[in-house]
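Biologist: Please take a close look at one sheet in this model, strand by strand. After that, set it against the rest of the structure.

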Amino acid sequence: MRQPIVLHVDLSHGTLRSELVPKQVTTQFLGGRGVNAYYAYKMIKPGIDPLGPENVLIVGPGTLTGTTAPCSGRTSVTCKSPVTNLYNKTNSGGHWGAELKYAGYDYIIIAGVSSHPVYLWIDNGKMEIRDAREIWGSDIKRTNQLIREDLGDEEIQVATIGPAGENRVMCGYINFSWHHAAGRAGAGAVMGSKNLKAIAVRGTGGIKVADPINFINISNKVRQELANDSGTKTLAQWGTSGSLPVVNELYSINNRNFQNNYIEYAEKLSGQYLVEAGYLKGRIACFSCSTACHRYVVNQNGPFRGVNGAGPEFEAMASLGSATDVSDTEAILMANQICNQLGLDVVSAGSYVAWAMECYEKGMLTKEDSDGIDLRWGNGEALVQMIEKIGRREGRLGDLLAKGIRRASQELGGDSWKWAVQAKGLEQSCVETRSAKGYSLAFAVNPRGPDHLMTETFAEYGASPEAVELIRKITGDAKYATPHLTEKRAEIVRWHEDTYAITDALGFCAFSSTAAYAVNPENMAAMYNAFTGESLSTDTLMEAGRRIVTLERIFNIREGARREDDTLPWRLMNEPVSSGPRKGAINSPEELNKLLDQYYDLHGWDRKTSIPTHETVEQLGLLDLTKDQITE
Amino acid sequence: MDEKVILANPFKCTGCRVCELVCSFKHEGMFVPSLSRIRIVKIHEMGFNNPISCLDCSRMPCVDACPTGACQVMKVDTALCIGCRECIAACPFGAMDFNPTTRVSYKCDLCEGDPECVKGCIPGALSYQVGSNQAKTKRRDRTTIRYELVREA
Amino acid sequence: MVSNRISIDSLACTGCKDCVVACIEQLQQRTQKEDDCISSRIQVLGTEPLFFLTICRQCIEAPCVDACITGALRQAVIGVMLNDITCIGCGMCTMACPFGAIWLNKDREKSVKCDGCPNHAIPPCINACRPEALQLEQKARIAGTHRRRSSEKMITIERRVDGPETSSYMTHGGNG
C-alpha cells in the first residue's frame with residue numbers, strides 16, 4: 001500500500017499540484033471522510049461564503065476503495081454547505097472512486113473559481129483542465145456522452161453536475177458514473193459555483209496490498225457472510241424501496257409533508273411493484289459490491305413514457321411519492337428520472353414540492369405563483385412539471401424553491417416556516433423520528449441536518465436477531481432494542497456514529513455495515529490491517545471514527561453552531577403523530593434535551609454549548625489541529 | 001480441449017467488477033482491473049453490463065493473426081510473443097489485451113481449471129460448466145452468430 | 001506520446017496503391033528533394049480480388065530490434081525507430097520480421113520501415129486510403145473499442161433473438 005496522494009486544483013489560477021498526505025493524518029483519520037474532514041477543517045476558513053471562491057470541494061474515495069473488500073466503492077465529498085452554512089459530507093457509490101485510485105490519486109481538493117466553465121481530466125497521473133463551454137448546460141446523460149466523445153475513450157468514469165448544480169439550486173447533486181449521486185446539502189451547487197462541470201478520470205494502474213493473501217481471504221469470507229445475510233438478500237431482490245411497505249406498516253412514512261404517517265397505496269411505491277409491473281429491467285452494482293441494490297427501470301407507456309435509467313430508491317419513492325401524496329408509480333419514475341438528469345437530490349426536491357403543495361392547500365401559494373400548475377396533493381403531473389422548473393430555476397416558484405425551503409419559507413412569510421420540515425436548513429429525509437427516539441437524537445446532532453445518511457440507528461428497531469444482538473452488545477441488555485425508549489439512546493447513537501465514520505472513511509457502504517452486519521468494525525479492522533500492514537485494534541478504529549465525528553463537530557462550532565442548533569424540524573417537535581399504534585408520539589423539547597444531555601456527557605462535550613471539552617479534544621489527539629481556533 | 005467453459009449471462013451481471021478484481025489479483029498479484037482477463041463493458045444508456053472474457057471461438061482470429069505462434073488456445077506463450085498486438089486487433093470481442101509492463105498479450109487461461117472470477121461472482125452471472133456437447137454446440141453457434149454480426153459492423 | 005500504429009484491414013483493400021503514393025510523397029517532402037531512390041514504407045501485395053497490406057506493426061518486443069547488429073533499430077516509446085545513418089543494410093531485420101514489414105532499399109542499401117509519421121496527427125497513407133482499409137489505431141484502446149462495439153452488437157442480437165419485451169432482468173436474470 002502506498003501513501004495516499006492528494007491533488008490540489010486551483011481553478012482561479014488554473015494550477016494543479018499533488019502532494020503526499022502526511023502519514024500522521026492517515027493514521028489519525030484513516031482516509032475518505034476522515035481525511036476529507038481534516039482538509040476541510042484546515043482549508044475552509046470560518047464564515048466564508050459557501051458559493052464563493054474560498055470554499056473548497058474535497059473528493060476522496062475510501063481507503064479500501066478499489067480492492068475486493070465488499071461494498072467498498074464509495075466516495076465522500078466534503079465542503080461547506082450552502083444550504084446549512086455548516087459542514088457537509090455527502091457520499092456516493094459508483095465506479096468513479098476506484099478509477100481515481102487506479103489513476104494514482106486518492107483525494108482531489110478543488111479551490112477557487114474558474115473564469116469560464118471547465119472540466120478536469122485525469123488520465124493516469126496526467127492532469128488537465130479542459131474547456132467545458134460546449135458541455136455547460138447539458139444534462140447528466142448528455143454530459144457523460146459528450147465527455148466520452150471529447151476524450152475518445154469509452155472506459156472513463158465521470159463525476160458531473162447537471163443544470164441544477166450549474167444554476168446553484170440548493171439541492172443540486174454531483175453524479176458519479178451515470179447512476180450514483182452524492183446528493184445532500186448542495187454539493188452540486190458548490191461545484192457549479194466553481195464553474196467546474198465535471199471530473200473525468202481514467203486509470204489503468206493497480207493497488208498493492210500489504211498482506212495480499214490475508215486480505216483476499218478476509219474479504220472473500222466477509223463477502224460470503226454478506227451474501228448470506230437476510231437483509232442483503234432482500235435488498236438485492238427488491239432494492240431499498242422494497243422496505244417501503246414495512247415502514248408504512250410501522251406508521252413511519254412521510255405522507256403529505258409529515259402531516260400523516262400512513263398511506264393506503266404503499267404497495268404501488270414498493271420495489272416489489274417495480275418487478276410485478278415490469279418496470280424493472282436490471283440491477284446496478286457499485287464497485288466491488290455483490291449486493292446490487294440499485295435498480296434500472298424502463299417505462300415506455302402512458303403519459304409519463306420515456307423513462308430509461310436509474311430507478312427510484314426508498315427515499316425517492318417516499319419523497320417524490322408519499323410526501324406529495326402521488327400514488328402514480330409512473331409519475332414518480334418520471335420525476336425521479338428528471339431529478340437524475342438535471343442533477344437534483346430527490347429527497348430535497350420532493351420536500352420542496354411537498355412544502356409548495358402544503359402552501360398551495362393553505363392558500364399561501366396560488367396558480368399565479370406556480371405558472372398555472374395545479375399543486376394539489378397527489379397531482380403527478382404537477383410534481384413532474386415542478387421538478388423540472390426547480391432544476392432549471394424557471395418561473396417565480398421554481399426560483400423560490402431552488403433556494404431551499406428554509407430560505408423559501410422566510411421569503412414567503414406567514415406560517416409557512418412551520419411546515420418547512422427542516423433543521424439547520426436541510427430538509428429532513430423521509431424517516432419518522434417521532435416514534436423512534438434513537439433516530440431523533442441522531443438527526444438532531446447530525447452535523448449536516450436531519451438526515452439518515454450520517455447516522456442511522458437502524459438496529460434500534462430490533463428487526464432481526466442480529467440487530468437485537470448488536471443492541472445487547474452496545475447497551476448490555478437486549479430490552480433496549482425498542483425504538484420508543486429514550487434510555488441508552490446516546491450509546492446507540494454514538495456506536496452508530498463511530499461505525500458510520502469508519503464505514504465512510506474506509507469506503508464501505510452503510511448498508512453492509514449497519515443495515516446488514518457482515519462488515520462490522522471487527523471485519524473492517526481486519527481488512528484495514530491487512531491492507532495497510534498496521535495492527536489496529538477494533539477499539540482504536542472506533543476511536544478514529546469518534547475523532548472524525550468530533551472534528552466535524554468542531555468545524556461546526558467554529559462556524560458558530562451551538563447546542564440550540566441541535567434540533568429537529570418544528571413540525572416534529574410540535575405536532576404529534578396523527579394515527580397508528582404510536583398515535584400522539586412527539587419529539588418534545590424536554591425529551592430532546594434529555595437525550596442531548598446524555599449524548600454530550602457520553603462524548604465529553606460541554607452540555608451548555610456542545611463544545612468538546614479540552615480533555616476530550618486532547619484525548620482524541622485533536623489538540624494540535626484545533627487549539628488556535630476554538631474558544632469557549 | 002477442456003470441455004468446461006466460462007458462461008456469462010449479461011442479464012444477470014450487475015457490473016460490480018469483482019471478477020476483474022479477483023482475476024487481476026490472481027494473475028498480477030494486485031488489484032488492477034485494466035489487466036484483468038475478464039472485463040465488464042457497461043452500456044450505461046441501457047443499463048447493460050456485459051462480461052467479456054475469451055470465448056474460445058472455433059475460428060480463433062487471434063491465433064490466425066499471430067505471426068509467431070505465441071497466441072494459442074486459452075493461452076499466450078510469453079516467450080514467443082513479440083508484442084505486435086495483432087491478436088488484440090483481430091479479436092472482435094476485445095477479449096485480449098496488452099500488458100505494457102510485461103510487454104506481452106494476455107487472455108483468459110481459465111485459472112488452470114478453477115476460474116477465480118466464477119468463484120467471486122455472487123449474482124451468478126458467470127458459471128463454469130462442463131459443457132455437454134449440446135451446450136457447447138449451442139454456445140458455439142451463438143458465438144458464431146455474434147461473431148458474424150460483429151464482423152458485419 | 002502515442003505511437004501512430006496503423007491498423008490494417010486487408011479485406012477492405014482495393015489495391016489502388018494510393019497509400020504507396022502518399023507515403024512516397026511525404027518522404028520526398030521530408031528529404032526536401034526529388035530522389036528516385038525513395039522506397040515506400042507500405043506495400044500492397046496480391047492481385048484481384050485479394051490484396052495484402054504490409055506495414056510495420058510496431059511490435060513491443062520487436063524481433064527486428066533483436067536482430068539488428070549495429071543498433072540502428074531501436075525500441076522507442078513511440079514504436080520501433082530506424083536510424084538511417086547507422087543502418088548498414090545487412091538485411092538481418094528483414095529476415096527476422098515475421099510480417100515481412102521491413103525491407104531493403106537496394107539502391108541506398110538501407111532498411112525501410114514505417115515510423116508512423118510522428119510529425120503528422122494522421123499519417124498521409126491513412127488520409128489517402130479511400131476504402132478505409134488503413135486506420136489509425138489508438139494504442140491500448142483497441143481492445144476497449146472492440147469490447148464496446150461487440151457488446152452493443154450483443155444487445156441488438158439478444159433483442160433480435162428474444163424480442164425487446166423479454167430481454168429483461170425477470171426473464172434472464174431472476175433474483176440472483
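Modeller: In this predicted model, Ile284(A) has His294(A) in strand 14 of chain A as its bridge partner. That pair belongs to the junction between strand 13 and strand 14 (residues 294-299) of chain A, where four bridges join the two strands and the direction is antiparallel. The sheet they belong to is open and has three strands, in the order 13-14-15 of chain A, with antiparallel pairing. Strand 13 (280-284) and strand 15 (307-310) of chain A are the edge strands, each pairing on one side only. Between neighbouring strands of this sheet the average turn is 15°, direction ignored. Helix 12 (residues 329-342) of chain A lies across strand 14 and strand 15 of chain A, and runs at about 60° to strand 15 of chain A.

Now the setting of that sheet. Chain A is divided into domain 1 (5-202), domain 2 (242-427) and domain 3 (433-517 + 537-626). The centres of domain 2 and domain 3 of chain A, taken over C-alpha atoms, are separated by 27 Å. To their contact, domain 2 of chain A gives 23 residues and domain 3 of chain A gives 26 residues. A pair of residues gives another distance: Ile338(A) and Glu564(A) are 37 Å apart in space, C-alpha to C-alpha, and 226 residues apart in sequence. Glu564(A) sits in the loop between helix 22 (538-558) and helix 23 (570-574) of chain A. Glu564(A) counts as exposed because its relative accessibility is 59%, and the cut-off for exposed is over 50%.

Chain A also holds an open sheet of six strands, in the order 8-7-12-9-10-11, with mixed pairing. Its edge strands are strand 8 (126-131) and strand 11 (180-182) of chain A, each pairing on one side only. Neighbouring strands of this six-stranded sheet are turned by 20° against each other on average, direction ignored. Within the sheet, strand 7 (residues 118-123) and strand 12 (residues 196-202) of chain A run parallel and are joined by six bridges. Asp123(A) has Arg202(A) in strand 12 of chain A as its bridge partner. Helix 4 (residues 140-151) of chain A packs on this sheet and touches strand 7, strand 8, strand 9 (157-161), strand 10 (174-176) and strand 12 of chain A. The direction of helix 4 makes about 135° with that of strand 9 of chain A.

At the start of domain 1, strand 1 (residues 5-10) and strand 2 (residues 15-20) of chain A pair in the antiparallel sense over six bridges. The two strands form a hairpin with four residues between them, and Gly14(A) in the turn has a positive phi of about 70°. Val6(A) has Glu19(A) in strand 2 of chain A as its bridge partner.

Chain B comes to five helices and eight strands. Of its 153 residues, 59% are buried. The mean pLDDT of chain B is 80, with 82% of its residues at 70 or more. Confidence in chain B is highest in helix 1 (residues 18-28), at 90, and lowest in helix 5 (residues 133-152), at a mean of 55. Where pLDDT is low, the predicted coordinates should not be read in detail.

Conventions: Residues are numbered from 1 along each chain as its sequence is written. Chains are lettered from A and ligands numbered from 1 in the order in which they are written. This is a predicted model: local features need pLDDT of at least 70, side-chain atom pairs count only at pLDDT 80 or more; totals for chains, interfaces and linings use all residues. Side-chain values use heavy atoms; hydrogens and water are left out. Two strands pair if DSSP finds at least two bridges between them. Axes are lines fitted to C-alpha atoms, for helices over the stretch in contact, and angles run from 0 to 180 degrees between N-to-C directions. Contact means heavy atoms within 4.5 Å. pLDDT is the predictor's confidence in each residue, from 0 to 100. Buried means under 20% relative accessible area, exposed over 50%, partly exposed in between (1.4 Å probe, protein chains only). Domain bounds come from an automatic or database domain assignment.
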